[in-house]
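Reader: I'd like to practise reading a model feature by feature. Could you walk me through it?

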Amino acid sequence: RHSPSGGTIAVVVERRGAQVAATVADGGPGIAEADQGRIFERYEQIEDTPGGVGLGLAISRRLARSMGGDIELASAPGEGARFTLVLPAA
């Protein structure tokens, strides 16, 4: 929903020492730096985002942190977004 029609979504899984990281990257509009922290808060969304109630990222980050990991975001307007789930390797 956040990538242009016909765009590419990349999924990369890698080991980072004692952690495993799964990254999902898109070629969408990207996320402004000012919005990057708040989109992980409950009921927060980027203004022009249709649908949803703003709980998905908040719940996901809380679950990741409860398992000793986190969700990282790398993005810039016009350059897409990369969300990375990092968890301890078993």
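Reader: Let's start with the hairpin: how many residues lie between E1 and E2?

Author: Happy to begin there, and keep in mind that this is a predicted model. E1 and E2 are joined as a hairpin, with two residues between them. In the turn, look for Gly-17, whose phi is positive, at about 65 degrees.

Reader: In which sense do strand E1 and strand E2 pair?

Author: The pairing of E1 (residues 10-16) with E2 (residues 19-25) is antiparallel and runs over seven bridges. To find your place on it, take Val-13, whose bridge partner in E2 is Ala-22.

Reader: Now the rings. What describes a pair of aromatic rings?

Author: Two values do: the distance of the centres and the angle of the planes. Here the count comes to one aromatic pair. Phe-40 and Phe-83 form that pair, with 6.3 Å centre to centre and 65 degrees between the planes, which is edge-to-face.

Reader: Which parts does the pair tie together?

Author: Phe-40 belongs to the loop between helix H1 (33-36) and helix H2 (56-66), while Phe-83 is in strand E4 (residues 81-88), so the pair ties together parts that are 43 residues apart in sequence.

Reader: Is Phe-40 buried or exposed?

Author: Phe-40 is buried, at a relative accessible area of 7%. Phe-83 is partly exposed, at 22%. Have a look at the face of Phe-40 too: Arg-61 lies over it, 3.7 Å from the ring centre.

Reader: On to charges. How many salt bridges are there by the count?

Author: The count comes to five salt bridges. A good one to inspect is Glu-14 with Arg-16, where the closest N and O atoms are 3.4 Å apart. Arg-16 also forms a salt bridge with Glu-72, with the closest N and O atoms 3.4 Å apart. Glu-72 is in strand E3 and Arg-16 in strand E1, so this pair ties together parts that are 56 residues apart in sequence. Glu-14, Arg-16 and Glu-72 are thus linked in a network of salt bridges.

Reader: And Ser-75: where is it found, and what does its side chain approach?

Author: Ser-75 is found in strand E3 (residues 70-75). A polar atom of the Ser-75 side chain lies 2.7 Å from the backbone oxygen of Gly-80. With a relative accessible area of 19%, Ser-75 is buried, because the cut-off for that class is under 20%. Leaving aside neighbours within four places in sequence, the contacts of Ser-75 include Gly-30, Ile-31 and Gln-36.

Notes:
Residues numbered from 1 in each chain as written. Predicted model: local features only at pLDDT ≥ 70, side-chain atom pairs only at ≥ 80, totals over all residues. Heavy atoms only, no water. Pairing = 2+ DSSP bridges. Helix = DSSP H or I, 4+ residues; strand = E, 2+ residues; numbered from the N terminus. Phe/Tyr/Trp six-rings, centres within 6.5 Å; stacked < 30°, edge-to-face > 60°. Buried < 20%, exposed > 50% of the residue type's maximum accessible area, 1.4 Å probe, protein only. Lys NZ or Arg CZ within 6 Å of the ring centre and 35° of its normal. Polar contact = N/O pair within 3.5 Å; in protein donor to acceptor, adjacent residues only side chain to side chain. Contact = heavy atoms within 4.5 Å. Salt bridge = Lys/Arg side-chain N within 4 Å of Asp/Glu carboxyl O.
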